[in-house]
Structures are given as C-alpha cells and as structure tokens.
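Visitor: I should be grateful for a close look at a single helix of this protein and at the elements that surround it. Please take me through the details in order.

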Amino acid sequence: MNRSFALLAALAFLGGCQSLSPSSPAGSPPGEDAGATAAESKPQVYGSFSEDTLYALLTAELAGQRNRFDIALSNYVEQANKTQDAGVAERGFRIAEYLGADQAALDTALIWARNAPDNLDAQRAAAIQLARAGRYDESMTYMERVLKGQGDTHFDFLALSAAETDADTRAGLLQSFDRLLVKYPDNGQLLFGKALLLQQDGHPDEALKLLEEQPAASHDVAPLLLRARLLQSMQRGQEALPLLEKGIKQHPDDKRLRLSYARLLVEQDRLDDAKAEFTTLLQQAPDDDDLRFSLALVCLEAKAWKEAIVYLEELVERRSHVDAAHLNLGRAYEQLGDTDSALTEYGMVGAGNDYLPAQQRQAELLFERGRGAEASTLLAKARDSQPDVAIQLYLIEAEALSNREQYDAAWRVIQQALEQFPDDLNLLYTRSMLAEKRDDLGQLEEDLRFILDREPDNAMALNALGYTLVDRTTRYAEGKALIEQAYRLSPDDPAILDSLGWANYRQGNLGEAERLLRQAVERFPDPEVAAHLGEVLWANGKQREARKVWATALQEQPDNSILRNTLLRLTGSEKP
C-alpha cells in the first residue's frame with residue numbers, strides 16, 4: 001500500500017468513525033446517527049494499526065455504510081481480538097449489540113473492558129454481557145469496578161436476568177450482593193438488586209423489610225417503586241399511596257413515579273384522582289399517546305363518557321391506538337345512548353385484537369334493536385373478509401341468537417359453520433349446548449363424547465355432559481362420575497361445584513349438596529346456582545333461607561326464567 005493510498009484510507013476510516021459513532025441511538029443501526037448526536041459524541045481514539053488491520057477496518061466501515069453489518073461485525077471482532085484495541089473493541093461491541101449477536105457482544109465487551117480499565121461504560125457493558133451469559137460472579141466483579149468509579153450500575157438488570165435461572169444460581173448471586181453491601185451499605189442500586197432477588201425467590205416480606213430499613217431506599221426512585229409494588233402484591237396498596245406521594249414530592253419530574261401512583265389510584269378506585277394524575281402526565285408529555293390512551297380508559301371507568309370521547313378522537317386523528325380508540329368510542333357512545341354513532345365506531349375497527357369484540361358489540365346492538373337480519377349480513381361479510389376468524393364470527397352470531405332464545409336459527413348458523421369446519425371443538429361444544437335447548441340429548445351426548453375422545457381432560461365438556469345426565473336423565477351415578485373427574489381437574493371452578501352439588505342433591509345427599517352449592521354461590525352468584533341452592537335448602541326444611549336466596553338473586557336478574565320456574569314449581573308463585 002503506497003503512502004497516498006494509506007493516507008486516503010486513514011481519512012476515510014476516520015470519516016467512517018464519525019458517521020458510525022460508538023453510541024448509536026436506540027433503534028437505528030450504527031452509521032445512522034442523528035446529526036445532533038454525531039456532533040455531540042466524542043471522537044474515538046484508536047491506536048496505530050498495520051496496513052492489513054487498517055484495510056480490514058476500512059472494509060468494515062464501507063460494509064456498514066452499505067448495511068452489510070455482518071461483514072462489518074466479522075471484521076471488527078477479528079481485529080478487536082488481533083489488536084486488543086479498546087476503540088476497535090467498542091466499535092465491534094456497538095455493532096454486535098445492535099445486531100443481537102450475543103457471543104460477539106460478550107467477546108468485544110470483555111476486550112473493551114480489559115483495555116480501558118478506567119472507562120465505566122466499558123466495565124458496565126462487560127458486566128451486563130456476562131450477566132446475560134449467566135456468568136454472574138464475573139459480572140459482579142465488573143459491577144464493583146463501576147461502583148468504585150462512582151458510576152451508575154445495572155444491578156437491577158443483573159437481578160432481573162437471574163429470574164429464569166435455577167435457585168442455586170440465584171442464591172449465589174444473593175451472596176455476591178451481600179458481600180458488596182458490606183462494602184457499600186448505602187448504595188441504593190445494590191439494595192434494589194438484592195430486594196429484586198428476594199422478591200423473585202418468593203420472599204416479599206424480606207424484600208420490603210430490606211428496603212424499609214435502608215435510608216438510600218427512601219430516596220432513590222427504583223427502590224421506591226419496588227416498595228410500592230411489594231406492598232400492592234401483599235394487598236397493602238393503601239400503604240403504597242403515601243409512599244409514592246412522598247416520592248413524587250422528592251422527584252416531581254419523574255414519570256415512572258407519577259405513572260405508578262396514577263395506576264395505583266385506579267386500582268384503589270379513586271378514579272377522579274387518577275384522572276388528575278394522568279392529565280398532569282399528559283401535560284408533561286403531550287406527544288405520549290400511551291398516556292393519552294390510559295387517560296381515556298380512566299375516563300371510561302369514571303363514566304366521564306364525553307371526556308373520554310375527546311381523548312379517543314385525538315388518538316384517531318393522531319393515528320395512534322386507532323382500532324382500540326374506535327372500539328372504546330363505540331362503548332362511550334353506547335353509554336350516551338347514541339346507537340348509530342356506536343355502530344359506526346364498531347364498524348371502523350380493523351383486523352387485530354379489537355376486531356372480534358367490536359363485531360360482537362355491533363351484532364348485539366343490532367339484535368337488540370330488531371335488526372337481526374342486518375347483523376347476520378354484516379357477520380357473513382366479515383367472515384368473507386376475515387377468514388382467519390370465521391369460526392369466532394359464527395360463534396358470535398350463534399350466541400346472539402341463542403341469547404334471544406332463537407335456538408333454531410342459532411342451530412342453523414352452527415350447522416353452516418360445521419360444514420366448513422367439521423371437527424372444530426368449539427363449534428361442536430356450542431352445538432351440544434343448543435341441542436340441550438332443543439331437547440336433543442342424543443346429539444348433545446354425541447358431540448360431547450366426540451370432544452372427550454380428543455381431549456379426555458376437557459373439564460368443561462366433562463362437566464357439561466355430567467350435569468346433563470344428572471339433571472335431565474336418571475343416569476345419576478354416571479353423570480356424577482364425570483363431574484367428579486372435572487372437579488379433580490378444576491376444583492375451584494364454581495360451575496363444576498354447582499354441578500357436583502346438584503348431583504348430590506339428585507342422589508339424596510342433601511347436606512353435601514348444600515355445602516357445595518353454598519361454595520358455588522359464594523364464588524359465583526349466578527341465578528341458576530342460586531336456584532339450585534334455594535331448592536336444596538327448601539328440601540332441607542330451610543324454606544325461609546331459601547326464599548332469601550331466591551329474593552337476592554331476583555334483585556340482580558328479575559326476569560331470569562330458571563329462578564322463576566323454580567319458585568313456581570316449589571312455592572306455586574313466581575315471587576319469593
């Protein structure tokens with residue numbers, strides 16, 4: 001290489017180093033820094049290189065400019081190992097980190113740290129990469145170097161990265177934290193990391209005690225937030241509120257504190273206060289559409305429908321959270337009694353997570369207003385345009401018809417669906433429930449047996465078949481055995497408790513039936529469960545208590561046919 005070409009290459013390499021600065025903005029590849037960032041970044045200092053090294057680095061820079069970061073990374077890793085130059089190693093680390101090349105990031109970070117022992121960024125990078133690789137003891141060594149240099153560490157990351165490891169690894173890491181805390185007892189980041197580990201190991205009491213006893217944890221933001229979360233997890237949210245209020249006074253501009261406080265206010269059902277906090281947050285960050293969406297949801301919860309509409313319409317205008325905004329605009333307009341606007345909003349929800357809820361509400365509104373044919377037409381068009389969710393759309397239509405006791409029409413919809421999807425278990429289960437309504441118990445059993453052949457541990461199918469056998473036939477023992485199998489799979493399911501209670505009632509075990517049905521009503525105050533409990537109490541000679549159970553249920557659902565039929569059959573009147 002002659003002198004003129006070497007000089008040209010060196011100048012090109014330095015120019016590339018300016019365009020490919022060591023710290024790329026998040027989300028942009030190395031080499032696409034914003035102008036301000038490039039102007040403010042400090043120039044990297046490199047050693048003197050051989051012609052081969054310089055040529056390899058120049059090739060890497062040119063490859064990076066052409067988005068061939070694989071070539072750039074390969075050359076930088078090779079030259080970092082060869083030259084042990086801190087600047088080259090950092091460059092390689094930045095590219096590897098951007099590409100998600102874990103091994104290359106670890107290798108170059110360690111070279112960078114070894115050759116720049118006073119550079120806190122280098123020590124921190126090595127510590128984090130070692131933690132990601134599960135080499136926690138080595139990671140702590142580098143973290144301590146950052147501590148000695150009085151830099152910000154990432155002990156939170158270190159603790160969080162250990163969450164998925166085994167208990168022995170976490171225990172070893174906890175001992176390392178304890179050793180460092182002896183040297184740095186007031187370091188808030190260390191305290192925070194240890195508290196995180198304790199929380200992960202299922203010791204929230206110890207984690208909370210640690211944070212409460214250490215002065216540093218009363219001032220730093222991260223420990224304050226963790227204390228609040230721990231209190232919430234221990235059902236002590238009321239104690240977390242003053243803690244966060246104090247933190248906001250100490251750090252009035254910290255978004256995390258105010259956001260946690262606002263969310264806790266929502267949890268505590270202080271919706272007006274939560275609205276005020278979210279409003280403040282949005283004023284501080286007017287371009288934050290996540291905050292705008294959160295504020296809209298709080299307004300909906302607070303039944304401030306018109307205020308919610310303002311924020312949701314802003315989101316649509318800003319093209320942010322568009323489908324969710326349309327869905328919730330529909331909810332708001334429904335509450336205001338503006339059905340036409342609600343239908344319009346639901347109809348504007350596109351494919352995605354909000355699509356099916358919007359289709360369901362749109363169908364329900366149309367059916368409620370006697371426009372069932374229009375609803376069916378819209379759902380048919382939706383099935384054509386969104387074939388991936390055709391089954392769910394069939395189920396929405398069948399449910400809407402069934403809710404209005406149009407069982408034959410619902411049956412036809414499910415039959416049409418099964419012609420397209422003959423083995424879909426959700427469709428078969430729905431058909432079995434419709435068969436029961438049509439007194440076609442043979443079809444019900446056939447469909448549920450088909451489901452159980454494929455999914456023997458399907459608790460819902462076991463319970464449905466068992467309940468039908470004890471309620472609609474005299475096959476009590478067979479039905480009870482199926483329900484007991486479902487109960488073993490889902491012992492806390494109130495529907496299964498109800499079925500098991502009813503099975504015991506059918507067999508004359510009134511005491512056990514009453515016990516189970518009381519549990520079911522306590523967990524799920526459904527009118528059918530209340531009807532069952534009342535009937536068992538009535539049979540047990542507790543008529544006054546039975547009437548109370550029925551009266552309470554009727555207050556919630558005065559037109560429930562199951563309740564009224566039970567009352568009429570047992571008392572001769574539909575009133576308790």
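Guide: Please note at the outset that this is a predicted model. The residue that comes after helix α23 is a convenient place to begin: glutamate 405 follows α23 and has a positive phi, near 60 degrees.

The helix itself covers residues 390-403. With 14 residues at 1.5 Å a residue, α23 should span 20 Å, and because its end C-alpha atoms are 20 Å apart, the expectation and the model agree.

The buried residues of α23 are Ala390, Ile391, Leu393, Tyr394, Ile396, Glu397, Ala398, Ala400 and Leu401. Glu397 is thus listed as buried together with residues such as Leu393 and Ile396. In general, an α-helix has 3.6 residues a turn, so residues three or four places apart point the same way. The partners of the buried residues of α23 are four helices: α21 (355-368), α22 (372-385), α24 (407-420) and α25 (425-437).

One of these partners, α21, deserves a fuller description. Two packed helices are described by the angle between their axes and the distance between the axes. For α21 and α23, the angle is about 30 degrees and the axes lie 10 Å apart. Angles under 35 degrees count as roughly parallel, and α21 and α23 are therefore roughly parallel to each other. The crossing of α21 with α23 is right-handed. On the α21 side, the contact is formed by Tyr355, Leu356, Gln359, Gln360, Ala363, Glu364 and Phe367. On the α23 side, Gln392, Leu393, Ile396, Glu399, Ala400, Leu401 and Asn403 take part. By class, the residues of this contact comprise 8 nonpolar, 4 polar and 2 charged. Among the α23 residues in the contact, Leu393, Ile396, Ala400 and Leu401 also appear in the list of buried residues.

A single side of this contact can be followed further through glutamine 359, which is placed in helix α21. Its relative accessibility is 8%. Buried means under 20%, so glutamine 359 counts as buried. Apart from neighbours within four places in sequence, glutamine 359 is in contact with Leu379, Ala382, Leu393 and Ile396. Of these, Leu393 and Ile396 are among the buried residues of α23, whereas the range 372-385 of α22 takes in Leu379 and Ala382. Glutamine 359 of α21 therefore touches residues of both α22 and α23.

How values were computed. Residues are numbered from 1 along each chain as its sequence is written. This is a predicted model: local features need pLDDT of at least 70, side-chain atom pairs count only at pLDDT 80 or more; totals for chains, interfaces and linings use all residues. Side-chain values use heavy atoms; hydrogens and water are left out. Helices (H or I, at least four residues) and strands (E, at least two) are DSSP runs, numbered from the N terminus. The expected span of a helix is 1.5 Å times one less than its number of residues. Buried means under 20% relative accessible area, exposed over 50%, partly exposed in between (1.4 Å probe, protein chains only). Contact means heavy atoms within 4.5 Å. Axes are lines fitted to C-alpha atoms, for helices over the stretch in contact, and angles run from 0 to 180 degrees between N-to-C directions. Angles under 35 degrees count as roughly parallel, over 145 as roughly antiparallel, 65 to 115 as roughly perpendicular and the rest as oblique. A crossing is left-handed if the near helix is turned anticlockwise from the far one by less than a right angle, and right-handed if clockwise. Ala, Val, Leu, Ile, Met, Phe, Trp, Tyr, Cys and Pro count as nonpolar, Asp, Glu, Lys and Arg as charged, and the others, Gly among them, as polar.
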